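Visitor: Before we begin, I should like each term to be justified by the value behind it. Please take me through the structure in that manner.

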Amino acid sequence: MDRKQHPVQDSDAELTVSEPKRSAAGLPSLSETLPHAMAFMGPSRAWKTLTAVNQKDGFDCMSCAWPDPPERKAAEFCENGAKAIGWEAEPLRIPTEFWFDNPLSSLESRSEYWLGQQGRLVEPVYKAGGADHYTPITWDAAFDIIARELNALADPNEATFYTSGRTSNEAAFVYQLFVRAFGTNNLPDCSNMCHESTGLAMGETIGVGKSAITYTDFAKSDLIIIMGQNPGTCHPRMLTALEEAKRAGASIVAVNPLPEAGLINFRNPQRVRGLVGKGTDLADQFLQIRLAGDMALLQALSKRVLDAESKAPGTVLDRSFIDEHCHGFVGFAAHLAALKERDVLAATGLTSAHIDELAERYVNADKVIITWAMGLTQHKKAVPTIKEIINLLLLRGNIGKPGAGPSPIRGHSNVQGDRTMGIWEKMPPWFLDALRGEFGFDPPRQPGVDSVDSIRGMRDGRIKVLVALGGNLVHAMSDTAVAEAAVRRTRLSVQISTKLNRSHAVVGEQALILPTLGRTEIDRQGGVAQFVTVEDTVCAVHRSAGPLEPIAADVLSEVAIVSRMAQEVLGDNVPVDWAGMRRSYDTIRDHISHVVPGFEDFNVRIRERDGFVLPHGPRDSRTFPTATGKAMFTVNELETIEVPQGRLLLQTVRSHDQFNTTTYTMNDRYRGIKKGRMVLLVHPDDIGALGFTDGSYVDVHSEAEDGVDRVLRQLRLVAYPSARGCATAYYPEANVLVPLDSTAEGSNTPASKSVIIRLEPAAAPIFEAAAGRRP
């Protein structure tokens, strides 16, 4: 019996809970990885892909943006990377009869997991207005529909063009070129929902919104502080770099509301010690901080550094760095002098001793790296919190020297490259000027809309067409009910995808699904194999070329889809050779080399075996392209979230077997959750104080300023060693609880990590045995 014939789990009917793990990877990781790869791809495809992934002459894994080490191992992938590859590279196809057997009304009731398990998309399909089914159509017909609807708009700004971070540099560049030639800057992307806060905060303080370290800096660091991040699940290959740093003498501190297995102990499956020994203990200190308490902690650390300098003048601060390279120190120091310890302790849930210990580690370390991810970026005060990271690093000159610097860890493999290529609704004038000089048309200058504002525009009827190059916008977005209703108001929604997801089931009056090649597949144009490029989280650019034959002859690459769409929509309105870029990706790279700084001689340099690293002023030369030409100390007012009695503060997180909205299995092995996702992790003392018991069911209501009752029903309470007063649920299921208008100040990123909730008793769910679903 092949996988297609097995029933796919579509509910929590078999949910089990066990104790969370205290180590990551090791033999359990191997036992998960290889059988999963074999089951999805078979031996031949598994061998071709797993021996090529993240190799210098192979393809870049789509599951994260973690950088590759200078010297590659034979198995340069992690458990989740192998699952991502198996998910994309499986030979199972969605047959034509699927579309006739599964109306939209049925697909809407299916889980994200079930949808992703149906196989690869292999033919364009179209849902006409008033219809309940997709039906197969030709590529020419699909592009005709897109051109008809886009050209019928009264204003180009009535369309929005979303992008996923898996898109290559070449596809992203052609996509933004098409959108701007069409006449709008409406280019929302997944960055809007993850590291937008990072880009804004770092851009204003050091002038560059990207990591200021390289891969090799980890092993040169004295202290690595990991905040709001779970590497064991979200960036498992990072654990190897942390192990290397630990072996080289670095201390590691984890700051997080949950104890995560990957930061407790790492059993490296590529070392004997990791397979049969006890592995490597990583975190020397764990600060179990309350949600949204990070800004208070960072200010308290900086204040302790300043106090230490006052006690021993000239021995703690890097005065020469501050005087030569920084602006605003005096005002910053004066502001922190008024910081009250009681406010810090109330916000963080920590003791003064905890903070003293970390401050001592910081003062005694010459080279410090601070890394972070969504646990910091998805709060109302995310931007000032990240600015406080920069403040702390600047005090001791921890930027622009080996082994030190700020290091945001991004998710999608090319989400950073997409932004570099112009996927942003607010690209600066110099970029638009460069496009005009290269292509001979004047791009629009009015800023476009981001992801949240795109949903608002669709909701309000101002945006009538949605085109999505990858991703799953409707399920990735906050306020699920509002997002779904908004997309349904559009005249046309277009999804360019490899597999089914929720955004194919929640659609506009008309809808198109356009199947595209994956990273694992050979991309031939005119019979010639092409390659694409990506930029990882430390600004390294390298090539990527898949080893597998395409899943079907009728599937097009992203570049081919976008360029044909542009040609059909724009005709001869702009002097761009879309067909020429489609025939040879070298042509696209030549254009990029003329438009984007750092990509000079792109086609020559990308063919070097190691690729190249983009210039980064703060990292390379301690030059800071800010308003003052110096690194900026900033003053940020501390605000804490007041959680009423009997309420909890909720964060949404990914499970271990998950990449963004894609779930590979229904398990979260490290947290002890198996065959289910509808759970709420809460400290056992909080469960008791609220009048519940471990294992009981609750309806979760969010309490927002707008007074709307948003509810997620029938979650099973799981007693978990969480920070007190905090609760955790899985993304994207819990997005329904996050108000659309609850966003980070400045960046407009959904504040998915700070939602005030109340719990109400609920009956245990009753499942339909035949369908395996909730009725």
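**Salt bridges, spaces and strands**

Guide: In this predicted model, E535 and K210 form a salt bridge, with the closest N and O atoms 2.9 Å apart. The pair links distant parts of the chain, with E535 in strand β19 (residues 532-535) and K210 in the loop between α8 and β6 (223-227), 325 residues apart.

Visitor: What makes the contact of E535 with K210 a salt bridge?

Guide: The term requires a side-chain nitrogen of Lys or Arg within 4 Å of a carboxyl oxygen of Asp or Glu. The closest N and O atoms of K210 and E535 are 2.9 Å apart, so the pair meets the criterion.

Visitor: Why is E535 called buried?

Guide: E535 has a relative accessible area of 1%. Buried means under 20%, so the term applies to E535.

Visitor: Which residue forms a salt bridge with D189, and what does the pair tie together?

Guide: The partner of D189 is R419, and the closest N and O atoms are 3.2 Å apart. D189 lies in the loop between α7 (169-182) and α8, whereas R419 lies in helix α20, so the pair ties together parts that are 230 residues apart in sequence. Both D189 and R419 are buried.

Visitor: How do you know that K401 and D366 meet in a salt bridge?

Guide: The N to O distance between their side chains is 3.7 Å. The cut-off is 4 Å, so the pair of K401 and D366 is accepted. K401 is in the loop between α19 (382-395) and β13 (405-408), and D366 is in the loop between α17 (352-364) and β12 (368-372), 35 residues apart.

Visitor: Why is D366 called partly exposed?

Guide: D366 has 46% relative accessibility. Partly exposed covers values between the 20% limit for buried and the 50% limit for exposed, so D366 belongs in that class.

Visitor: How many salt bridges does a search of the whole structure find?

Guide: The search finds 61 salt bridges. One network, joined by salt bridges that share partners, consists of E32, E79, K83, D657 and R669.

Visitor: Which residues lie nearest the centre of the largest pocket?

Guide: They are V208, G209, K210, R419 and W424, in a lining of 40 residues. The pocket holds about 1100 Å³ of space. Helices α8 (196-205), α20 (415-420) and α21 (429-439) each supply at least two lining residues. The lining divides into 16 nonpolar, 16 polar and eight charged residues.

Visitor: What makes a space a cavity and not a pocket?

Guide: In a cavity a 1.4 Å probe fits but cannot get out, whereas a pocket is open. The search finds five cavities of 30 Å³ or more, and the second largest has about 70 Å³ of space. Its lining divides into one nonpolar, three polar and six charged residues; among the lining residues are K56, F59, D60 and R609.

Visitor: What makes β12 and β13 a strand pair?

Guide: Two strands pair if there are at least two bridges between them. Four bridges join β12 to β13, which run parallel, so the condition is met. I370 stands opposite P406 in β13.

Visitor: How many strands form the closed barrel?

Guide: The barrel has six strands, in the order β23-β30-β27-β29-β28-β31, with mixed pairing. Neighbouring strands of this sheet are turned by 45° against each other on average, direction ignored. Strands β27 (residues 679-682) and β30 (residues 726-730) run antiparallel and are joined by two bridges, which satisfies the requirement of at least two.

Conventions. Residues numbered from 1 in each chain as written. Predicted model: local features only at pLDDT ≥ 70, side-chain atom pairs only at ≥ 80, totals over all residues. Heavy atoms only, no water. 1 Å grid on protein atoms, 1.4 Å probe; cavity = no way out; pocket = protein on both sides within 12 Å on 5 of 7 lines; lining within 4 Å. Points joined across faces, edges and corners; volume = space filled by probe spheres on them. Nonpolar A, V, L, I, M, F, W, Y, C, P; charged D, E, K, R; others polar. Axes fitted to C-alpha atoms, helices over the stretch in contact; angles between N-to-C directions. Buried < 20%, exposed > 50% of the residue type's maximum accessible area, 1.4 Å probe, protein only.
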